[in-house]
Amino acid sequence: MHTVWKGAISFGLVHVPVKMFSATEDKDISLRYIHKECGSPLSYVRKCPVCEKEVTWEEIGKGYEYEKGKFVLFDKEEIDQLTEQSSKNITILDFVDLTEIDPIYFQKTYYLSPDQAGTNAYRLLMEAMRQTGKIGIAKISIRSKSSLAAIRVLEDCLAIETIFYPDEVRPVSQVPGLPEAGIVSDKELEMAKLLISQLSTPFEPAKYTDDYRQRMLDLISHKIAGEEFHIAPARQENNVIDLMAALQASIQAVQHIPTDPGTPLPGTTANPAAPAAKKKTTRTKKTAAPAGTAVLDEATGPIPVIAPKPKRRSAKSKETVS
């Protein structure tokens, strides 16, 4: 791993020399812009619109636009002076519970390893945090940007995650079109909770893959080999109108038909007084519904509506009557 930062963690008067490494990597497939006429990649040119000439890196500075078209300029030395005091130190301000931090605050994760003779202090801090169940809230400056950070124990390593400052998180009240408070149907709520229960499972990150990246890699390999590659169009999803029917169909898709016919689904009622022998011959009354709409059967759950065929009298029965 490449070291991205070196410094020390400080809590109280204790200093822990550490090195920092990126814990994640971006595996997005980068595509370049190509000139279709000749197949050459396009380059980006830093050009001054006033002087109408290309500008080298040595001629480029930084500035802040305080009004339209008006800037205050900064030298590299001035910016470096702002960060040199805090750029080599991770100062733990408080220790808190991880559950108190909403995930919206988290940005990027790094690993920390002991540097120089800091192994004992590193091990001490890690074990103390592990046994108390606390994480440290600290300040850190990376690449001239000051950030809050959360230091926590991850297996046998200290990890640090940069987090947004509170004023960098937009309030929910700014989100347009949020539904107003209202009453939720009890039956629909029970069905939704049952569906969530059926889909609930322990988190196993290894089973989730980047399908888009895999399809892109397949497409690239076929094009390199000069082969044709066609991707089937995605199925168009229709807008769901009947929410209850959609919930019932979703539950059917993730569970088997109940083995116990006396166990009703949420929103249905069973008749406990009915004898078990009669359950096989008694037909459950079904409510009329549009074609293709699922309805509830008290014994087996949601079933499709099928129009009954007219009964025909057999020849044998006619002879018996006559």
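Is aspartate 210 buried, partly exposed or exposed, and what is its relative accessibility? In this predicted model, aspartate 210 counts as partly exposed, with a relative accessibility of 36%. Its salt-bridge partner is arginine 213, and the closest N and O atoms of the pair are 3.8 Å apart. Arginine 213 is likewise partly exposed, at 25% relative accessibility. Since a salt bridge requires a nitrogen of Lys or Arg within 4 Å of a carboxyl oxygen of Asp or Glu, the pair qualifies.

The strands were examined next. Seven strands close into a barrel, following the order 1-2-8-11-10-9-7, with mixed pairing. From one strand to the next, the twist averages 40 degrees. Within this barrel, strand 7 (residues 89–96) and strand 9 (residues 135–142) run antiparallel and are joined by five bridges. Valine 96 has isoleucine 135, in strand 9, as its bridge partner.

Helix 2 (residues 119–132) lies across strand 1 (3–11), strand 2 (14–22), strand 7, strand 8 (106–114), strand 9, strand 10 (145–154) and strand 11 (157–163). Relative to strand 11, helix 2 runs at about 70 degrees.

Helix 2 also carries a salt bridge of its own. The side chains of glutamate 127 and arginine 130 meet at a distance of 3.4 Å, N to O. Both residues belong to helix 2, and because they are three residues apart, about one helical turn separates them. Glutamate 127 is partly exposed, with a relative accessible area of 33%, and arginine 130 is also partly exposed, with a value of 35%. The pair is part of a network of salt bridges in which Glu127, Arg130 and Asp156 are linked.

A further salt bridge occurs in helix 3 (residues 186–199), where lysine 193 and glutamate 190 lie three residues apart, about one turn of the helix. The side chains of lysine 193 and glutamate 190 meet at 3.6 Å, N to O. Lysine 193 is partly exposed, at 46% relative accessibility. Glutamate 190 falls into the partly exposed class as well, at 37%.

Over the whole structure, the search finds eight salt bridges. Among them are the contact between glutamate 127 and arginine 130, the contact between lysine 193 and glutamate 190, and the contact between arginine 213 and aspartate 210.

Definitions and conventions: Residues are numbered from 1 along each chain as its sequence is written. This is a predicted model: local features need pLDDT of at least 70, side-chain atom pairs count only at pLDDT 80 or more; totals for chains, interfaces and linings use all residues. Side-chain values use heavy atoms; hydrogens and water are left out. Helices (H or I, at least four residues) and strands (E, at least two) are DSSP runs, numbered from the N terminus. Buried means under 20% relative accessible area, exposed over 50%, partly exposed in between (1.4 Å probe, protein chains only). Two strands pair if DSSP finds at least two bridges between them. Axes are lines fitted to C-alpha atoms, for helices over the stretch in contact, and angles run from 0 to 180 degrees between N-to-C directions. Contact means heavy atoms within 4.5 Å.
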